[in-house]
Amino acid sequence: MLQRPPRVIAIHDLSGFGRCSLSVILPVLSAMKVQACPVVTGVLSTHTGGLGEVALRDLTDFMEPALEHYKRLELEFECIYSGWMSSAEQIEACLDYLAAWPKALAVVDPVMGDHGKPYKTYTPEMCSRMAKLAAAADLITPNLTEAAILLGEPCPTAPLRQFEAKGMLARLSEQGPRLVTITGVEMADGTVANLGYDRERGDYWRVDCRYVPASYPGTGDIFASVLVGGLLGGDSLPMAIERATRFLEVAVRTTFSYGSDTRYGVMLESCLSFLTADQVLDRYRLL
Ligand code: PXL
């Protein structure tokens, strides 16, 4: 038995304003009793989603020396969890982190885009390297846009039927990861769902989301962080997906009720205590 909280290397950017990446990942993992050790890929004034010209410091040259230091310290980590990258070389450097702790749960959130298109700073080269990194992961957590980019397919514009959703999950898993989730999938039955697939068990899962007519940056980061915290705390995959979905519902609905500027992200500060409350997780179902 571990005599300390599980430890995660979190390889993400730090955006000062807009509630995404490490600004939300660190509080979520801490609240879930997981020690998050950030390796910062870049420092930004804000996220790149509609707040104008950002100030950005790329930290590609920080990643390798930080890795070497952790190796010298012979630190153990139970999980390596990566997200937004500021250069193609950084995506490559993540592979060195995965290789250094081969037994750690390798979680790649292939942050590349949303709403059918790549983010401003993501070049085609970065997207193809991200596909290589995703192939080396145990678990990937794309949204529907990122899932399509990883598969080299056009982003679906129509709601997905059950067999189409299962096909996407299976094709993503064939690229390497044993566990796959896809967030924010509009299903043909009229609901938006977060989906999961466990290749070893052969099980497909869905957790339906209560609809809110607004979309906020950082929700993918929160989803993946709660998923990581849940899995490291002993959740099954569908339980962890439901935990993340329920938490985001509270955060999104709270924020929506205040009518805040969507670009400012969700009001995590007001909702964090929901993460530590006991919950009955029984609303996941087979896809
Ligand atoms: O939430 C994903 C994300 C992370 N980091 C930065 C971003 C975004 C999405 O826009 O711009 C800098």
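Modeller: Before we start: angles under 35 degrees count as roughly parallel, over 145 as roughly antiparallel, 65 to 115 as roughly perpendicular and the rest as oblique. Bear in mind that this is a predicted model, where local features need pLDDT of at least 70, side-chain atom pairs count only at pLDDT 80 or more, and totals for chains, interfaces and linings use all residues. Residues are numbered from 1 along each chain as its sequence is written, and side-chain values use heavy atoms, with hydrogens and water left out.

Colleague: Are α1 and α7 roughly parallel or roughly antiparallel to each other?

Modeller: Helix α1 covers residues 22-31 and packs against α7 at about 25°, with the axes 9 Å apart (helices are DSSP runs of H or I, at least four residues; strands are runs of E, at least two; both are numbered from the N terminus). Axes are lines fitted to C-alpha atoms, for helices over the stretch in contact, and angles run from 0 to 180 degrees between N-to-C directions. Residues V24, I25, V28 and L29 of α1 meet a set in α7 that includes I222 and V226 (contact means heavy atoms within 4.5 Å). The angle therefore makes α1 and α7 roughly parallel.

Colleague: And what is α7 relative to α8, oblique or roughly parallel?

Modeller: Helix α7 (residues 219-232) and α8 have axes that come within 8 Å and cross at roughly 140°. That crossing makes α7 oblique to α8. On the α7 side, I222 and V226 are among the residues that meet α8, whose partners include L248 and V252. So the term for α7 against α8 is oblique.

Colleague: R246 sits in α8 too. Which residue's backbone oxygen does the side chain of R246 reach?

Modeller: R246 lies in α8, residues 237-258, and counts as buried because its relative accessibility is 11% (buried is under 20% relative accessible area, exposed over 50%, partly exposed in between, with a 1.4 Å probe and protein chains only). Leaving out residues up to four places away in sequence, R246 touches V207, D208, Q279 and R283. At 3.2 Å, the backbone oxygen that the R246 side chain reaches belongs to D208.

Colleague: Which helix gives the most to the largest nonpolar core?

Modeller: That core has 52 residues, and I9, I11, I80, Y97, W101, Y122 and I182 have the most contacts inside it (a nonpolar core is a set of buried Ala, Val, Leu, Ile, Met, Phe, Trp, Tyr and Cys residues joined through side-chain atoms within 4.5 Å). With six residues, the biggest contributor is helix α3, residues 88-100.

Colleague: How many residues are in the other core?

Modeller: The other core lies apart from the largest one. Among its members are L105, L179, A251 and V252, the last of which also meets α7. The residue count for this other core is 41.

Colleague: Now the backbone: what is the phi of E74?

Modeller: E74 is in the loop between α2 (60-72) and β4 (79-82). E74 is exposed, because its relative accessible area is 70%. Although E74 is not a glycine, its phi is positive, at about 55°.

Colleague: And where is phi for R19?

Modeller: R19 belongs to the loop between β1 (7-17) and α1. R19 is partly exposed, because its relative accessible area is 24%. R19 is a residue other than glycine with a positive phi, near 50°.

How values were computed. Polar contact = N/O pair within 3.5 Å; in protein donor to acceptor, adjacent residues only side chain to side chain.
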